[in-house]
Amino acid sequence: MRKQPLDPSRSSNATKVHFNITKDEKFDKDGSRLYGLHQAHDKHGKALGWDDKSNKFDGEAAFVKGKGGNIEYKEATITIYEGSINANLGFLVSRYNDPNITPSEGIVTVGTHENTHDTDQDSINAVKDRQEGKMNPTDVESPAKAVEQKAADEIKTKRKS
Amino acid sequence: MLLVLFLSLFVCSSSYTICAQQKSEAAKKLESDKARCKPNPDPLYVRSRVLGELANVLNESIPEYSKGVPKGFYSDTENAIGFFVVDLMNPANKQSTFHDCVDFINGHVYHVAPGDSYYSLSHIVILEEGKLKVFRSVNCPPRGDRLEDAISYVSAKLARDKQREEIINRVRNYKKYGFYGSLHHAASICEHRQ
């Protein structure tokens, strides 16, 4: 596993991100092959899982105020399952309608998706609201999917030119 | 495919040599695409048309998907983009990768769903005399049809079929006959709506 904590001072996001690319092939609870994951950490630094029923993390995610005053995750782990990408690249082929996508490009698109979970303000606000018992129906997957798809489209276009 | 040819012409307009080469490649791609799948064996159904109709069904059932992917679910001549199709009467007959060529056969029962587990609301589709009978989102009771209704319907349809019990079991366990991937910590759009 390659592990590289990013230096928060070099980005506009205050979150300390642990970015992992693992050779593991991973499966979700429901048997789906897992390609990537974003986990917020609690105040003790523990990476949290997701509670399907409450639609929020299964613990208290820790937040900090970013430079612009926005609420951001204090710490998060992003994991890209390279083993899953290598085991079934066809999932991404069909997902992006791109028969020429490579595993490396897959790592980029999946990473883009997971990074959006870490930076999309509406998504962060939704998670915080739910954690505080407030209703917030925001679909946190749509923004991540949109940015991921845009990255995939740009990679495809760039490759052609 | 016409768009590909058009873009090839547009992109390479600055150089005749490159242009000719790219046109040739585009033409080759067109030919190879045409040749990949044999025509659908049942003349009642045209593969590309059925794939397109199934994509439309999914877009109607799962409008949230197009927020992330503006094109939504769609198909080209032989591929399902963003979703899979599995024939529950013969699970080897499927469309889950760009190497597959699913056959659409009258009377057969199919499991159709998005490959992304978050958006994956399962549809049971029966081909009937050129038309599609669809039981929508059977894994999401708040917004879909009941799986039991799909099972009763298929059971009645297959009353005289020797494989009836086996096929009904597959409909009941439709989730096993699917190809899923996930980039999410959220379980499914169904739970999200609840």
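In chain B of this predicted model, strands E6 and E7 run antiparallel and are held together by 5 bridges. Within this pair, B:Ile126 sits opposite B:Lys133 of E7(B). Strands of a sheet pair through backbone hydrogen bonds, in either a parallel or an antiparallel way. Zooming out, E6(B) and E7(B) belong to an open sheet of 5 strands, ordered E4-E3-E5-E6-E7, with antiparallel pairing. The edges are taken by strand E4 (94-95) and E7 of chain B, each of which pairs on one side only. Helix H5(B) packs on this sheet and touches strand E5 (109-114) along with E6 and E7 of chain B. The direction of H5(B) makes about 25 degrees with that of E6(B).

Two loop residues around E7(B) have backbone angles worth a look. Strand E6 (123-128) leads into strand E7 (131-135) of chain B through a loop, and B:Glu129 is found there. B:Glu129 isn't a glycine, yet its phi is positive, at about 45 degrees. With just 8 C-beta neighbours inside 10 Å, B:Glu129 counts as exposed, because the cut-off for that class is 12 or fewer.

Past E7, the loop that runs to helix H5 (147-157) of chain B holds B:Ser137. Here too phi is positive in a residue other than glycine, with a value near 45 degrees for B:Ser137. The surroundings of B:Ser137 are another matter: this residue has 23 other C-beta atoms within 10 Å and is buried, since 20 or more are enough for that label. So B:Glu129 is exposed, whereas B:Ser137 is buried.

Over in chain A, the focus shifts to a helix pair. Two packed helices are described by the angle between their axes and by the distance between those axes. For helix H3 (residues 103-119) and helix H5 (residues 141-160) of chain A, the packing angle is about 150 degrees and the axes lie 8 Å apart. H3(A) and H5(A) are therefore roughly antiparallel to each other, as angles over 145 degrees fall in that class. Their crossing, that of H3(A) and H5(A), is right-handed.

On the H3(A) side, the contact is made by A:Glu105, A:Val108, A:Thr109, A:Thr112, A:His113, A:Thr116 and A:His117. These meet A:Pro143, A:Ala144, A:Lys145, A:Val147, A:Glu148, A:Ala151, A:Ala152 and A:Ile155 of H5(A). Sorted by class, the contact of H3(A) with H5(A) comes to 7 nonpolar, 5 polar and 3 charged residues.

Terms used:
Residues are numbered from 1 along each chain as its sequence is written. Chains are lettered from A and ligands numbered from 1 in the order in which they are written. This is a predicted model: local features need pLDDT of at least 70, side-chain atom pairs count only at pLDDT 80 or more; totals for chains, interfaces and linings use all residues. Helices (H or I, at least four residues) and strands (E, at least two) are DSSP runs, numbered from the N terminus. Axes are lines fitted to C-alpha atoms, for helices over the stretch in contact, and angles run from 0 to 180 degrees between N-to-C directions. Angles under 35 degrees count as roughly parallel, over 145 as roughly antiparallel, 65 to 115 as roughly perpendicular and the rest as oblique. A crossing is left-handed if the near helix is turned anticlockwise from the far one by less than a right angle, and right-handed if clockwise. Two residues are in contact if their C-beta atoms, placed from the backbone, lie within 7 Å. Ala, Val, Leu, Ile, Met, Phe, Trp, Tyr, Cys and Pro count as nonpolar, Asp, Glu, Lys and Arg as charged, and the others, Gly among them, as polar. Two strands pair if DSSP finds at least two bridges between them.
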